[in-house]
Amino acid sequence: MRWLKTNIERISKLKAEGSPESLTYAALECRLAIERVCYERLSLAHDYISHDDIRKWQPKDVVNTLIQEVDSRITASYTFSISKEPISKEGDLTKEEYEAIEYVEIGTHVGFDPKKMGKLWNAVSHFLHVKVPKQKHESVTEYGEPDTLAKKIDEVLVELERLSEGTLIAGGLGETVKFKCECGAENKRRVSLLKEGQTVSCINPICLESWSVRVEGDEISFMRKEISVPCRSCLVESTFPEKAIFNLKLDQTGSFTCRECNKTNFFKWKMYSAAKNDA
């Protein structure tokens, strides 16, 4: 991630000024850099996960979700290489044959600990708010303690320097399974990370479709999560994506036209109370 060099230079310059104001701005730049590191991983992973499946937005939570559902090796550091010449022999190679091959390095993926990144993000974010006074005699100040903030900025800079040595971001390794959504978008998932009963959403950000994962031995299938609503006139059922119904707010009205009798139907979420009949 060579682009981090610009962030590092900007943060270092602000820190060198040493004023409470410049240190606070440096803390903000640290926070933005950490978020970009984590969200760059997410951007690359969006071929394998929907934005709707990202349960929390904080950087460490985003990365942890990617580890669980997209790439279990996202925190590891490794180098990609390819053989300089095509391998003509088919089948498995012996250890000696592998060692005799001349490889060309493509690039290095530098991993990181999401827990550590989360702590750094929280640490510098703490200085971006005016401290709430706990007692009457406490003064309200705009800026945090400079020496403490400077130490936290240095910790972030060390991590950013390490990450800046990476020359590529890997999209993950492993067998994938593909399926096409009702909207036409092709979805793919890492086989090794799919679990029975897991819910996956379409990668199309405007699509409401989602599926429940079914695992039977080596076979993986996806069952559409849908709700059937009967027509009030002819009782023929129409099916909708589960999200289209569950995303309605209390007392919000939805409607559909029956495919059988062409009558318009309305539905809404409402809250009812009921008394238990002891008789």
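**Notebook: overall size, core and Arg-41**

I looked up the radius of gyration (taken over C-alpha atoms) and found 27 Å for the protein, whereas a compact globule of 279 residues would have one near 19 Å, by the rule of 2.2 Å times the number of residues to the power 0.38. This is a predicted model, in which local features need pLDDT of at least 70 and side-chain atom pairs count only at pLDDT 80 or more, while totals for chains, interfaces and linings use all residues. Residues are numbered from 1 along each chain as its sequence is written, and side-chain values use heavy atoms, with hydrogens and water left out.

I then noted that 36% of the 279 residues count as buried, meaning under 20% relative accessible area with a 1.4 Å probe, protein chains only.

Next I looked up the largest nonpolar core (buried Ala, Val, Leu, Ile, Met, Phe, Trp, Tyr and Cys residues joined through side-chain atoms within 4.5 Å), which has 37 residues, with Leu-66, Ile-153 and Leu-163 making the most contacts inside it. Helix 2 (helices being DSSP runs of H or I, at least four residues, numbered from the N terminus) gives the most to this core, with ten residues. Apart from this core lies another of eleven residues, including Val-177 and Cys-202.

Finally I turned to Arg-41, which is found in helix 2. Arg-41 is buried yet has no salt bridge, and Asp-71, the nearest side chain of opposite charge, is 7.4 Å away, where a salt bridge needs a side-chain nitrogen of Lys or Arg within 4 Å of a carboxyl oxygen of Asp or Glu. I did find the backbone oxygen of Val-110 2.6 Å from a polar atom of the Arg-41 side chain.

Note on methods: Buried < 20%, exposed > 50% of the residue type's maximum accessible area, 1.4 Å probe, protein only. Helix = DSSP H or I, 4+ residues; strand = E, 2+ residues; numbered from the N terminus. Lys, Arg positive; Asp, Glu negative; His and termini not counted. Polar contact = N/O pair within 3.5 Å; in protein donor to acceptor, adjacent residues only side chain to side chain.
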